[in-house]
Amino acid sequence: MPPRRQTYTVKLAGLTRELPLFEVAPGVRIAIFNMLGDTEIVQAVSKELARRMPTGVQVLVTAEAKSIPLAYALSAEAKLPYLVLRKSYKAYMGEALSAETLSITTGEKQTLYLDEKDRALLAGKQVAIVDDVISTGSTLQGIQLIMDKAGAGVIAQAAVFTEGERAKWKNIIALGHLPLFTD
């Protein structure tokens, strides 16, 4: 049986969840929002985000992995195509576009890749970046770089939660905000 952890209670889209707290740096803990396998929360938040999405969005873009179910459900709700930037290159991806990011949960650099086949879907399109939690903005920056290279315009950035400095995320469409927990 896993150890009993402290949790942080969140309410969003009419649902309540207890998020476990994990240390990501000495003296710094974050509430981990993991929607994988939680169909109820994915459906509820995608409906709410679709309602808040600005007109003009033509494609939804996310990075693998935890936000994939959100992008899929939001795609179905908003009737928009979506695509996923991968975190590892596969030979079948051809001449993929790439950009580096830094993960808050691992503290390590990652590279995002846009499959060659998805480039045509983005060229000249207006996109919304979709993520589960926006913490440092590194993933957003990486996605933005790839969108620039692909000739797409980012007109919205959406997430279930923002995290950390709330003022930093005033332009993000978000359903909630998670504080950082310091000792």
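How many bridges join strand 8 to strand 9, and do these strands run parallel or antiparallel? In this predicted model, 8 bridges join the two strands, which run parallel. The points below follow strand 9 and its neighbours, and then turn to the nonpolar cores.

**Strand 9 and its partners**

- Within the pairing of strand 8 with strand 9, Gln126 stands opposite Gly153 of strand 9.
- Between these two strands the chain passes through helix 4, residues 138-150, and the resulting β-α-β crossover is right-handed.
- Strand 9 also pairs with strand 10, again in the parallel sense, over 5 bridges.
- In strand 10, His177 is the residue that Thr162 stands opposite.
- Strand 9 is mostly covered, since 8 of its 11 residues are buried.

**The largest nonpolar core**

- In soluble globular proteins, nonpolar side chains tend to be buried together.
- The largest nonpolar core here contains 31 residues, and those touching the most other members are Leu12, Phe33, Ile41, Val160 and Phe161.
- At least two residues of this core come from each of several elements, including strand 1 (7-12), helix 2 (68-78), strand 8 (126-134) and strand 9 (153-163).
- Helix 1 provides the largest share of this core, with 5 residues.
- Leaving aside residues up to four places away in sequence, Leu12 touches Ile41, Val45, Val160, Phe161 and Leu175.

**A separate core**

- Apart from the largest core lies another, made up of 22 residues.
- Among the members of this other core are Ala99, Leu112, Met147 and Ala152.

Terms used: Residues numbered from 1 in each chain as written. Predicted model: local features only at pLDDT ≥ 70, side-chain atom pairs only at ≥ 80, totals over all residues. Heavy atoms only, no water. Core = buried A, V, L, I, M, F, W, Y, C linked by side-chain atoms within 4.5 Å. Buried < 20%, exposed > 50% of the residue type's maximum accessible area, 1.4 Å probe, protein only. Helix = DSSP H or I, 4+ residues; strand = E, 2+ residues; numbered from the N terminus. Contact = heavy atoms within 4.5 Å. Pairing = 2+ DSSP bridges. Right-handed = clockwise from strand over helix to strand, strands pointing away.
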